[in-house]
Amino acid sequence: MSKTRYKNQKESNEAIAKAYIENNYTNSQNKLLLVSKANYGKRSSNVCYSAVDDKGMNFYEFNNNAEQNLMLIERYEWADFSSVTIDHSIAKSVFTFVGHGENRDITIEVKGKEVEQVIRNHSSMEVNVVKRPVWTKVLGYRSQTTWKMFMASTVYTLILLFILHPLLPAATHNFIMGLALLILFLSIIGLFVGLIKPKWVLPKFKIKTRKRVLFSYLYLIISCFFIAVAFTDGESTSTPASTQVSSSQNSVTVSSKKDGADSSKQKVEKNDSDKTAKEEKRQKAEEQAVKEEAKQKAQEQAAKEEAKRKAEEQAAKEEAKQKAQEQAAKEEAERKAQEQAAKEEAEQKAEEQAAKEEAERKAQEQAAKEEAERKAEEQAAKQEAERKAQQQAASQQSTPSSSTSNSRNYKPFENDPSDDQQSNMSCSGQIKGNKNSKIYHVPGGAYYDRTQDNIVWFCSEADAQAAGYRESQR
């Protein structure tokens, strides 16, 4: 925003800063909550403003002579700090932020408690508010400097005296004046004694120095002097004049009784009118005091109700925040339970799938095993049938005599492994031996027909046994 526009609009610097900051936050994801004058601990001739949002705090430097009035110079995020210490006074609040890096001291003018509320509602920082007496927050007492407190006490006493003087009844003025003069006299004595022995005149002070004696008793002397002057009635100062008038009237009365009687009558009337005026004045003062007291009570009641309302609002916010946290925790627990259930269900399905695959694999292995056994049994049955057929044929063709005579000199015929044709074999269809296993099979045996390679033919079992073969078990 240009400088010319704001000059034409005749806006204040604070209005310019607020308008610029609001415009700057238009496209920001952070929510602007408040704008206030601030001092972030660096010396600058220009005024600084703080923009407090839900995530942190921006600091702008204001320069009325620049083309761009506000310039962003620094930003703090609430998440960067673990705790904050707040010292509230009437006109400003000092925030000391403690984080992982160096600490930050920030001074917020006027809106310190609003910034505190923002920090409590939008951050997880630990908030510590400095507990200090109310009087230390009053202007003049915040720095605890002796001469500043002396000046402030004197000014506040004069203001209080100016307020109370018309409210107190006229009958108490003489008493107050006498009391003030007595305290004034004692204060002067105490001042001289304290400059010699400070302990004697400062019994309740922790720091007992001549400097404290000087400022304390000077304050009492000045205050009592002003009180005595303020409560001195005009009638007491005009007493000699009235005495002279009375004496002159007495002299006139001696010369003329009639004039004296008239003067006495006028004097009585004047005294009566003065008493009436004083009574009216006292009555008005009492009415004014009653009104002020009623007004003060009304203000106190309003302040009490306002504090109660704020406390209820704070309690409601805390309760809502607690409920929201409980709801979030409940939803998080439900989500974790659902995730756990889904995980267990997935594991269960995976186990069932693995068990199913394992069962299918075992079933396939069992079926393959049974198929192999079935084929083996079929092969054995086929060989046995062939053996029996060959044995039967051999028993029909051979005679006992020829088998006996030729058994010792017979050389068995060895079939060519690559040729399964059983031709030109003198003993074909009789005893079948396996050259590799050295087992012979008779016709009708279980493996007679299954044996097809590496065949050695024998005309009788005796020939096979003589050649070193043994009979098949099946």
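# A tour of salt bridges and surface patches

Glutamate 286 is partly exposed, at 37% relative accessibility. Start your tour there. Keep in mind that this model is predicted.

**Stop 1: along helix 10.** With glutamate 286 selected, add arginine 282. The two form a salt bridge, and their closest N and O atoms are 2.4 Å apart. Both sit in helix 10, and because they are four residues apart, about one helical turn separates them. Arginine 282 is partly exposed too, at 27% relative accessibility.

Stay in helix 10 and select glutamate 332 and arginine 335. These residues are three apart, about one turn of the helix. Their side chains meet in a salt bridge of 2.3 Å, N to O. Glutamate 332 counts as partly exposed at 31% relative accessibility. Arginine 335 does as well, at 36%.

**Stop 2: a negative patch.** Now select Glu344, Glu347, Glu351 and Glu352. Together they form a negative surface patch. Glutamate 344 belongs to helix 10, which spans residues 257-397. Its relative accessible area is 45%, so glutamate 344 is partly exposed.

**Stop 3: a positive patch.** Select Lys197, Lys199, Lys208 and Arg210. They gather in a surface patch of positive charge. Where is lysine 208 found? Look in the loop between helix 6 (198-201) and helix 7 (210-230). Lysine 208 is partly exposed, with a relative accessible area of 34%.

**Stop 4: a nonpolar patch.** Select Val155, Tyr156, Ile159, Leu160, Phe162, Ile163 and Leu164. They make a nonpolar surface patch of about 660 Å². Tyrosine 156 is in helix 4, residues 146-164. This tyrosine 156 is partly exposed, at 31% relative accessible area.

**Stop 5: a bridge between strands.** Select arginine 104 and glutamate 74. Their side chains meet in a salt bridge, 3.9 Å from N to O. The pair links distant parts of the chain, 30 residues apart: arginine 104 is in strand 7 (residues 104-109) and glutamate 74 in strand 4 (residues 70-77). Is each partner buried or exposed? Arginine 104 is partly exposed at 23%, whereas glutamate 74 is buried at 16% relative accessibility.

Next, pick Asp53, Arg75 and Glu77. A network of salt bridges links them. The count of salt bridges comes to 18.

**Last stop: asparagine 434.** Select this residue in strand 10, residues 431-434. Asparagine 434 is buried, because its relative accessible area of 17% is under 20%. Then add asparagine 436. Its backbone nitrogen lies 2.9 Å from a polar atom of the asparagine 434 side chain.

Terms used: Residues numbered from 1 in each chain as written. Predicted model: local features only at pLDDT ≥ 70, side-chain atom pairs only at ≥ 80, totals over all residues. Heavy atoms only, no water. Patch = residues over 30% accessible without salt bridge, like charges linked within 9 Å, V, L, I, M, F, W, Y side chains within 5 Å. Areas by Shrake-Rupley, 256 points an atom, 1.4 Å probe, with all protein chains shown as cover. Salt bridge = Lys/Arg side-chain N within 4 Å of Asp/Glu carboxyl O. Helix = DSSP H or I, 4+ residues; strand = E, 2+ residues; numbered from the N terminus. Buried < 20%, exposed > 50% of the residue type's maximum accessible area, 1.4 Å probe, protein only. Lys, Arg positive; Asp, Glu negative; His and termini not counted. Charge placed at Lys NZ, Arg CZ, Asp CG, Glu CD. Polar contact = N/O pair within 3.5 Å; in protein donor to acceptor, adjacent residues only side chain to side chain.
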